[in-house]
Amino acid sequence: MRHFPDPDPGRPSRLSPGHYLLWLARTQLAVVLLGAFYGVIWPTAQALMPYAVGRAIDDGLTARDRGDLLVWAGVVLALGVVQAATGILQDRCALTNALGARYRTLQLVTRQATRLGATLPRKTSAGEVMSVGVADVMQIGRALDVSSRTIGSVASIVVVAAIMLATSWRLGLVVLVGVPLMVWAVALLLRPLHDRQARLRDQQAELTAHAVDIVGGLRVLRGIGGEELFGRRYHAESQRVRHAGVHVARAEAALEAARMLLPGLLVALIVFLGARQVLAGDLTGGQLVAFYGYAVFLATPVRRLSIGASAIMKAYVAARRVVALLALEPEIAPGGPALSGTEDARDLADPESGLAVGGGRFTAVACTDPAEAAALADRLGRYAESDVTYGGMPLRSADVEDVRRRILVAGNEARVFAGPLRAELAAAGPADDARVLAALEVASAGDVLEALPDGLDTVVSSGGKEFSGGQLQRLRLARAVLAEPDVLVLVEPTSAVDAHTEARIAARLAAARAGRTTVVFATSPILLDHADAVALVDGGTVVATGTHASLLDDPRYRALVAREEGAA
Amino acid sequence: MSASSAGLPVASLREVRRHARRLALRHRREVAGAVALHALGAASGLAGPWLLGRLVEDVNDGVDHVTRMTLLICLFVVLQAALTALAMFVSARLGEKVLAQLREEFVDGVLALPIGTVEEAGSGDLITRTTRDVDLLARAVRYAIPDTLISSVTIVLTLGGLVLLGPLLALPALVGVPVLWVASRWYRRRARTAYLRENASYSQLAEGLAETVDGARTVEALRLGDRRFERVNRDIAASYAAERATLRLRTVYLPTIDVAFVLPVFATLVIGGLLYLDGMVSLAAVTAATLYTQQLLVPVDTLLFWLNELQIGGAAMARLRGVRRDLAVVERERAAPATESVDAGGFEVRGVSHAYRPGHDVLHDVDLTIAPGERLAVVGPSGAGKSTLGKLLAGIHQPRTGTITVGGVPVSELPLDRLRTEVALVTQEHHVFRGTLRDNVVLGRPSADDAAVEAALRAVDAWDWASAAGLSAAVGSGGAELSPAQAQQLALARLVLADPHTLILDEATSLLDPSAARHLERSLAAVLAGRTVVAIAHRLHTAHDADRIAVMESGRIVELGSHDELVAAGGAYAELWRSWHGGAG
């Protein structure tokens, strides 16, 4: 078997669904072909089984030849062993193919998601990418999984057809026409059943969502009441699912009857015709038994063939979604010159609002509207194109990679990833414990660390679910501080912490960032009071600047930040 | 009964078996009917090969019974199809009935869990039981049980048919049994953990991708692209290792049972053939026996496949049966001490210490008197024990030492319906239920009319958006999504409508923006005039507006008094107020 993951998943040559599937198959062509080889031998051995049994009866029993009996019985056993061996070898190839396609696609999807970055939610939805990464990846894997089996099925049908036609072409034709007709008829019957099953699954999912809702709100229900209402509703919905289940069972039972009836009657027809031929001397008893076996056997490869066809169709649809995702381009293309040197801290200016941020200073921005703050922060970090300049150079003409390296915008929507806390905090690269602890100290998050069982080695869960809102906010702040960017833009970094902690953070943050440019969007007087300069933004433009103390005389500023009687 | 780590019980194997037996007995007529129908269906299925054997013998002898025999074969095919379909339907109908009953009993049990248990267990375990275990049980009841039943009946009848053909011919069919037995045992012992690991590895892959996608902006901001690629590669390596482990199991198991399936055919041919040559059995018997032996393959395979699934279904049932109404210790619904009405609330907290883990007290010897109708704010750094005090006041936990009484009655001993009229707790955690906006408000007073709902929503400044959406708008998962701030307003509206004597608000407005929060608190205060309110908050204006303020630090109340008193006293609160106020006051 090959080894996964492939360090470099490569790049599909052309972004069309058909090419994508072929490209995947080409990356592991040897395994696909080997699988097809086993895929031919395996059903052939199975198909030869009835033939060998028939010969054992004819040559051994009817002809009363002990030697032939043993020889043919031995052939039966040998065929069984070959079948067992090629069966598992084929499974192994199929799995390797499926995994290769699955893993490679996942790598490409992940790489594309990181390439799109902030653009991702604007160009597609998280749900769409997840459904590609979870469901479509499986469909594509499945197509490669069944590829060798499908090739094998075709081969075994050919082999059996040849044997049958050589034995008795009339009877052979009946089987060759009858079996596909039967498989087709069963598939036709299956379709409405699948619809009903899908509806039942939906209803079942609804019911589950209902129960999950009850569990999620259980504290509320047990605290305030409403258990009876929700219990009654669950019972009613559960009974609806029950009746839908019975409805599906009725269809399933009818289908099961058809599934027994159709092959049964086909076999009866073959027996009838075959027996007449035996009577006429055109066929032996053993051959008749063998035909019975062929008819039973053929249903499997024919069904496999139709499964293979539908798997490839589904994979084609899935591949279309994959290539559509891979074809997306980030809004802000990489390339362009680096921002000019780092010798000293540079000024940051946003002509649109009139905001000027002095290099190396701690600037606070108080916005009357939180949406305005978010938009301004996006411009400063070049998440939206604008005329913002850094050291006089427009951000839009610089390399976005370099902008990201120098200017870090950290808001409360920033994600905490799963992993050891030390590594997750040190986003910019490995940092020694002293620096990590210093950053945690700035964010006043020492108590968060203390409560963790393994300290910095503790593995935090995805999204930091084990932390409260305030703890998470401080961890995010520590991560941003530890990155030590030239310019740090923080949006409401202390909105979820208590006043005691906020006061500590404000003082430590100002000290830790001394000499470097820091912009804090906030309306809390504690933070504003620690800034070198404060700008008040109303209606999208800077309407006043000064220090916190001097601005308090401005009634608009006072109304926004001061928290005394009559101010609200 | 053993307890799981999260504190929710799991039923014992014995209890599960006993319950399964009880269910079977309760529905014995349906069960017997299904078994009989399956047996008749399987028996009709055996007629085909036997008739074919007779036919082969007859035509070899030149006897022409072909038409009659073919008609007989057709008859049995039709009979088998009809009987099997009927049997499937009967057992599915019973299965759906039992399944609905089991899941409804489970949800009733969940709804009766004591508040303290809900708080301690967390929702993870309950959610797994609600989703995964209910699904696993459904799979077992819908597919595993009927298929096992059918296969067992078919195997027994086929073996019976072989014995009828000639006892000697039945023996070769059994040569595969020891191999199958040993191989299946070997496989089943290892398969469960291996496949669980494989499934877990896929959850891990999905979770990693979800992180990358949800955090795409953060990935770009912190330039974490390479790390995310490393993460997916790590997850792929883990998934690949898990896949290889299950593949190794299959590589041993599948060829073994494949050979075990062909051995009986070989043995029947050889032994049956030799017996025939010695004149001990007929040609028809050998032919039929060979076909029967081949036919055994399918039901045996099915049986082996589902045995594992049955075990999993049993484990799921054990977890579901662990949460039952009759098991839930419904301590509050026990006859409570007959107490006089304790109007208007008012708390006496005396010498209360509390620990979640033995030896780690988070509250130390707290004394506090809250007068009826008073508004008390609790402030202090995180970890000071504010939320714990709130939970104890709300009667969710019993204090380790000391007492908390409302009108002389210990809060934690009030019966549930009385407790609800007495005190309610709203926390930062909010939940919007699936249903209409109205449903979400009337929980505590199902009889409330729309006017009352409107009044409650107005009291929390939510009427603007609520009236725009309409009271019948579908919200919660699957409906319109509400912002966290709106969800908090709903939680408060619920409380206003339920109208308990005492409200404990633990950061209940923290998700609103500061000025909206303050406005809400004021309109709420107007509606709640006369009610006792304990507000835990990190925003100091909440404290400023309260009658009295309790400042907590490290599990103790360090300052207590009105805003003006505390500012005048020049202690911790005064210091904080000054800095929070930015030197303006």
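Let's start with a pair of helices in chain B: the axes of α9(B) and helix α10 (residues 283–321) come within 9 Å and cross at roughly 170°. Angles over 145 degrees count as roughly antiparallel, and α9(B) and α10(B) are therefore roughly antiparallel to each other. On the α9(B) side, the residues making the contact include B:Phe261, B:Val265, B:Leu269 and B:Tyr276; α10(B) contributes, among others, B:Leu283, B:Val286, B:Ala289 and B:Leu297. Sorted by class, this contact has 9 nonpolar and 6 polar residues, and no charged ones. Keep in mind that all of this comes from a predicted model.

Stay with α9(B) for a moment. It covers residues 225–277 of chain B, and there's a quick sanity check to run on it: at 1.5 Å a residue, its 53 residues should span 78 Å, and the end C-alpha atoms are 76 Å apart, which agrees. There is a bend along the way, though, of about 25° at B:Arg250. After the helix comes B:Gly279, with a positive phi near 75°.

Now for the strands of chain B. Four of them form an open sheet with antiparallel pairing, in the order β4-β3-β6-β7. The edges are β4 (360–370) and β7, each of which pairs on one side only. Walk across from the β4 edge: β3(B) and β4(B) run antiparallel and are joined by 7 bridges, and one pairing to look for is B:Phe347 with its bridge partner B:Ile370 in β4(B). Next, β3 (residues 347–357) and β6 (residues 401–406) of chain B pair in the antiparallel sense over 5 bridges; here B:Ser353 has B:Thr401 of β6(B) as its bridge partner. Finally, 2 bridges join β6(B) to β7 (residues 409–410) of chain B, again antiparallel, and B:Val406 is matched with B:Val409 in β7(B). The hairpin of β6(B) and β7(B) has 2 residues between the strands, and in it B:Gly407 takes a positive phi near 55°.

Chain A has a sheet to look at too. This open sheet has 6 strands, ordered β6-β9-β10-β3-β11-β12, and its pairing is mixed. Its edge strands are β6 (407–410) and β12 (541–546) of chain A, each pairing on one side only. If you ignore direction, neighbouring strands in this sheet are turned by 20° against each other on average. At the β12 end, β11 (residues 533–538) of chain A and β12(A) pair in the antiparallel sense over 5 bridges, with A:Ala544 of β12(A) as the bridge partner of A:Leu536.

A couple of backbone oddities are worth a click. Most residues other than glycine have a negative phi, and most peptide bonds are trans. B:Asp461 is not a glycine, yet it has a positive phi of about 60°; look for it in the loop between α14 (450–459) and α15 (463–469) of chain B. Over in chain A, a cis peptide bond joins A:Phe4 and A:Pro5, with omega about 0°. A:Pro5 sits in the segment before α1 (17–27) of chain A.

Last, zoom out to where the chains meet. The contact takes 130 residues from chain A and 122 residues from chain B. The chain B side that touches chain A breaks down into 65 nonpolar, 34 polar and 23 charged residues.

Technical notes:
Residues numbered from 1 in each chain as written. Chains lettered and ligands numbered in written order. Predicted model: local features only at pLDDT ≥ 70, side-chain atom pairs only at ≥ 80, totals over all residues. Contact = placed C-beta atoms within 7 Å. Nonpolar A, V, L, I, M, F, W, Y, C, P; charged D, E, K, R; others polar. Pairing = 2+ DSSP bridges. Helix = DSSP H or I, 4+ residues; strand = E, 2+ residues; numbered from the N terminus. Expected span 1.5 Å × (residues − 1). Bend = angle between axes of the 7 residues up to and from the residue. Axes fitted to C-alpha atoms, helices over the stretch in contact; angles between N-to-C directions. Parallel < 35°, antiparallel > 145°, perpendicular 65-115°, else oblique.
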